[in-house]
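Read the following account alongside the sequence and the model. It moves from single elements to the contact between chains and ends with backbone details.

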Amino acid sequence: MARFANGKAPYLRMADQPNKGTSIIMRDFIIGLTPVILFAWYKNGIAVYIDGNTDFLGLVYPLFFILAGAFSSLLMEALYFFITDKEARALKPLMKKLSLSYALIPGLILALMLPMYTPIWVLMFGTFIGNIIGKMIFGGFGHNIWNPALLGYAVIKFTFMQLINANGGYYNPSETVFLFDATAGATPLAVLSSASFNYDAIVKPFGTLWTFFVGMTPGGIGETSVLVMLFSYLWLSFRKVIKWTTPLIYVGAVFFLSWIVGAMNGDAGIWFPLYSILSGGLMYGAVFMITEPVTTPKNPLGKVYFALMLAVLTVLFRFVGNLPEGVGTSIIVMNIFALPIDKYTAIIRANRWKKPALPQILTLAAILLVIGIYSVIKAGKVYTAIILPILHLGGVI
Amino acid sequence: MIFQKTSGIHIDGRKAMSKKLPMEEYFNPEYVYIHLIKNIGPLKATVEVGSEVKIGQVIAVREGFGEMNVASSISGTVTGIKKVWHSSGKMVDALEIKNDFKNTMDPDIKPNKNIDSLTKEEYIEKMKHAGLTGLGGAGFPTYIKYITHLPIDTVIINAVECEPYLTCDFSFILQYPEKLVKGLHHFVKTASAKRGVIVYKNYNKEIKSALEKYLHKYPEISLFEVEDVYPAGWEKYIIERVTGKTYTGLPSEIGVIVNNSSTAIVFADIVEHNIPLISRPITITGEGIKQPRNFFVPIGTKVSELVEKCGGYAEGLVPTQANYIAGGPMTGRAILIDDLIVNDTLGAVIVKPVNEELHPECLGCGKCADVCPAFLTPTEIKKALDSKDLGLIKSLNANSCVQCGLCSYVCPSHVEITDAVVRAKDMLRKGAK
């Protein structure tokens with residue numbers, strides 16, 4: 001007679017097969033980021049060097065910047081473990097802890113969102129906010145409420161933007177040469193918040209919609225290219241790292257809502273919704289941030305609702321709030337609501353849309369409808385565009 | 001996605017291991033141990049220590065709900081009542097019977113003449129007398145399904161065997177294809193149903209060719225193929241595929257009864273020869289077994305003897321780093337000591353090494369919610385369990401979990417999520433403490 005190990009059913013786990021565990025998911029995620037990193041390097045380093053607008057240092061700087069983000073992110077978590085956990089003070093257990101907490105990723109994502117002239121110490125401050133405040137003090141990997149990278153980004157954006165602008169801002173050296181006069185150093189969405197809905201005013205200064213698609217527009221160093229993001233999207237969906245429907249629903253809903261807003265503002269044709277989804281890092285958010293598993297709802301229905309809600313808020317912040325950071329702000333806001341959404345949609349799913357889940361169904365639908373309709377009406381300036389002319393015609397005013 | 005039918009996912013079955021060799025009949029162990037317990041509750045022994053018993057002789061009965069008889073599986077002497085391991089992971093009393101190797105049969109066991117004129121009551125009486133329980137794993141008394149007053153339209157034989165590793169049903173069918181068809185024929189007659197359907201997995205095409213030659217005699221019986229996914233053997237999945245209907249409580253609500261294929265084969269013997277439920281097929285398999293194979297053995301046989309016949313454990317197997325699983329790998333139970341006895345619900349014993357790495361936290365990928373055949377969100381149920389929120393567990397419908405184990409299976413971080421849902425169900429039953 002022999003004694004055997006205890007265990008819990010099922011005794012067969014997919015993660016035991018080679019190439020299936022969480023580490024593989026994270027590896028695939030970094031592979032998915034690689035084209036974005038390479039593009040960022042090309043656009044801000046290689047292409048600028050070819051144009052003759054920078055020296056060798058400028059050629060390698062973008063790559064250095066991104067790696068600095070990853071390294072700093074690693075460093076922050078290593079420090080945190082070193083200080084808080086006595087067992088992690090030797091190299092080997094520390095490495096194990098870092099590899100199970102996937103410390104590289106927030107720094108990489110953060111660096112790719114930032115303007116090229118962000119000082120390195122600001123980048124490090126951002127990873128401190130993201131990794132320590134946004135992730136580790138919540139309990140580490142798997143427990144954070146906000147997307148760590150995004151939290152770091154928001155803090156940098158709201159505190160250090162003047163400094164970054166003084167340091168060179170969003171424009172890489174080539175863009176400064178070719179674009180600065182026409183646009184006064186603004187990013188496309190910053191232009192939108194001050195101009196009227198007009199192709200010549202919004203898109204023309206930067207080129208055509210094709211320029212936006214390829215990504216040769218000013219912005220965060222890695223977030224501008226929709227083309228590259230599509231490659232990442234296909235890879236991540238193929239490897240089942242992300243759920244392919246979530247970005248699609250989000251982008252589709254933003255397209256649709258922008259189209260209505262554009263139409264209500266008179267001039268806009270199909271270029272306007274296209275411009276809306278091609279600019280401002282929306283694709284970057286759609287592929288890498290709203291699919292981030294820890295801070296978004298877990299069940300499929302929750303993911304759909306989350307994406308719809310995000311789209312509404314993005315439109316609200318962009319066209320009503322006149323914030324250039326519609327995508328980032330909406331994700332930060334919705335991250336908080338991931339928990340209740342998950343709970344409500346789980347109840348709806350478990351009851352298969354039947355009566356016991358009616359309160360949940362009504363609540364979620366009502367919130368979506370009210371904010372959605374409000375955003376569209378408000379962004380469409382219904383009062384000035386439609387109601388006021390009618391009142392004028394009637395001679396009331 | 002959101003509105004889909006129950007789907008399921010493909011799992012590498014690893015069934016080839018135990019399919020290499022044909023089923024072996026092993027009818028004469030030296031001792032058998034008949035557990036004085038069935039799934040529905042304890043049994044009362046009707047023989048005393050020291051008395052002689054014959055094959056098929058009633059040695060224990062269950063009274064009250066689920067009343068039935070239990071028969072001896074060998075002939076010999078009752079030598080005592082001992083505590084032995086049961087596949088539920090507990091130690092229970094069992095009658096120890098020493099084999100006299102004479103194989104004397106009970107006088108009741110003889111070919112039955114009036115097979116074609118049996119009424120529903122006589123069929124049900126036979127099931128009770130033979131102690132027929134479902135051999136698929138749940139072990140529910142078969143006759144209780146048939147005493148329903150609802151009109152039954154279809155009797156379905158579940159020959160899917162969707163659990164990985166298991167091949168006992170498969171090889172049992174290949175051994176006795178005619179008995180399976182006959183057994184179903186009698187089930188259909190018992191329920192006065194219109195048709196009988198045998199459902200098998202497209203991975204097991206051999207079942208189709210083995211059964212086809214017997215079907216022409218029984219026009220009411222047809223075959224139905226399902227995909228090679230897990231949990232394709234789940235009652236609800238099969239019924240949804242065969243009839244297109246779904247139900248909330250029992251299948252008889254929509255006029256369907258589902259039985260396991262081995263149950264049907266045994267039922268054919270019960271009807272035609274009055275042989276009660278005394279033996280069952282079992283798979284001994286896993287990476288930790290030298291030569292995995294299937295056996296047809298008397299109930300009460302020691303599993304260690306069967307492992308012996310398989311050549312013992314694989315070389316280099318460290319028992320403390322391996323699981324000894326009673327039942328399938330997805331829904332079975334780890335037994336701590338390899339001293340298990342075959343009972344009526346034990347379809348397999350699997351020995352396989354365990355992976356003991358350090359695993360990361362739940363990353364929230366939601367794969368468990370994606371695969372759940374009952375459309376639950378296991379992560380939310382786990383959260384509700386941790387906060388002991390009974391109302392929430394209830395509205396999350398934890399009770400509709402079928403414990404298929406898929407959520408833990410797909411989890412990339414090795415979270416014991418199935419276990420959490422099972423504990424949530426327990427908490428619902430007992431109330432929070």
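Which residues of α15(A) are buried? They are Leu282(A), Met283(A), Tyr284(A), Gly285(A), Ala286(A), Val287(A), Phe288(A) and Met289(A), where buried means that 20 or more other C-beta atoms lie within 10 Å of the residue's own, exposed that 12 or fewer do, and partly exposed in between, with C-beta atoms placed from the backbone. This is a predicted model, in which local features need pLDDT of at least 70 and side-chain atom pairs count only at pLDDT 80 or more, while totals for chains, interfaces and linings use all residues. Residues are numbered from 1 along each chain as its sequence is written, and chains are lettered from A and ligands numbered from 1 in the order in which they are written. Helices (H or I, at least four residues) and strands (E, at least two) are DSSP runs, numbered from the N terminus.

Helix α15 of chain A spans residues 282-289 and is mostly covered, with 8 of its 8 residues buried. Its buried residues pack against α4 (104-113), α6 (148-159), α12 (226-238), α13, α14 (271-278) and α17 of chain A; contact here requires C-beta atoms, placed from the backbone, within 7 Å. Leu234(A) belongs to one of these partners, helix α12. Because Leu234(A) has 13 C-beta neighbours inside 10 Å, this residue counts as partly exposed. Its C-alpha atom is separated by 8.9 Å from that of Gly32(A), although the two are 202 residues apart along the chain.

Helix α18 of chain A (residues 358-379) presents another picture. With 22 residues, α18(A) reaches 31 Å from its first C-alpha to its last, close to the 32 Å expected at 1.5 Å a residue; the expected span is 1.5 Å times one less than the number of residues. Leu364(A), Gly372(A), Ser375(A), Val376(A) and Ala379(A) are buried in α18(A). Seen down the helix axis, the buried residues of α18(A) fall within an arc of 95°, so they line one face; the arc is that of the directions from the axis to the C-beta atoms. An α-helix has 3.6 residues a turn, so residues three or four places apart point the same way. On the other side of α18(A), the exposed residues include Leu358(A), Leu362(A), Thr363(A) and Ile373(A). The cover over the buried residues of α18(A) includes α13 (245-264), α16 and α17 (326-350) of chain A.

Helix α16 of chain A (residues 300-320) also gives the largest share, 13 residues, of the largest nonpolar core. That core has 233 residues, and among the members that touch the most others are Leu112(A), Tyr250(A), Leu310(A) and Ile381(B). A nonpolar core is a set of buried Ala, Val, Leu, Ile, Met, Phe, Trp, Tyr and Cys residues joined through C-beta atoms within 7 Å. Leaving aside neighbours within four places in sequence, Ile381(B) is in contact with residues including Leu376(B), Ile393(B), Leu396(B) and Val421(B).

The contact between the chains takes 53 residues from chain B and 40 residues from chain A. On the side of chain B that touches chain A, the elements giving two or more residues include β17 (322-326), α11 (378-386) and α14 (417-430). The largest share of that side, 4 residues, comes from β17(B).

In chain B, strand β14 (residues 256-260) has 5 of its 5 residues buried, so β14(B) is largely enclosed by the rest of the structure. Val256(B), Val258(B) and Asn260(B) lie on one side and Ile257(B) and Asn259(B) on the other. Strand β11 (residues 154-158) runs parallel to β14(B), joined by 5 bridges; two strands pair if DSSP finds at least two bridges between them. Thr154(B) has Val256(B) as its bridge partner in β14(B).

An open sheet of 4 strands in chain B has the order β2-β10-β9-β6, with antiparallel pairing. β2 (31-35) and β6 (52-53) stand at the edges with a single partner strand each, so one side of each is left without a neighbour in the sheet. β2(B) pairs with β10(B) (residues 91-99) over 5 bridges.

Some backbone details remain. The peptide bond between Ala9(A) and Pro10(A) is cis, with omega about -5°, and that from Tyr230(B) to Pro231(B) is cis with omega near 0°. Ser192(B), in the loop between α5 (177-191) and β12 (195-201) of chain B, has a positive phi near 45°.

Methods: Contact = placed C-beta atoms within 7 Å.
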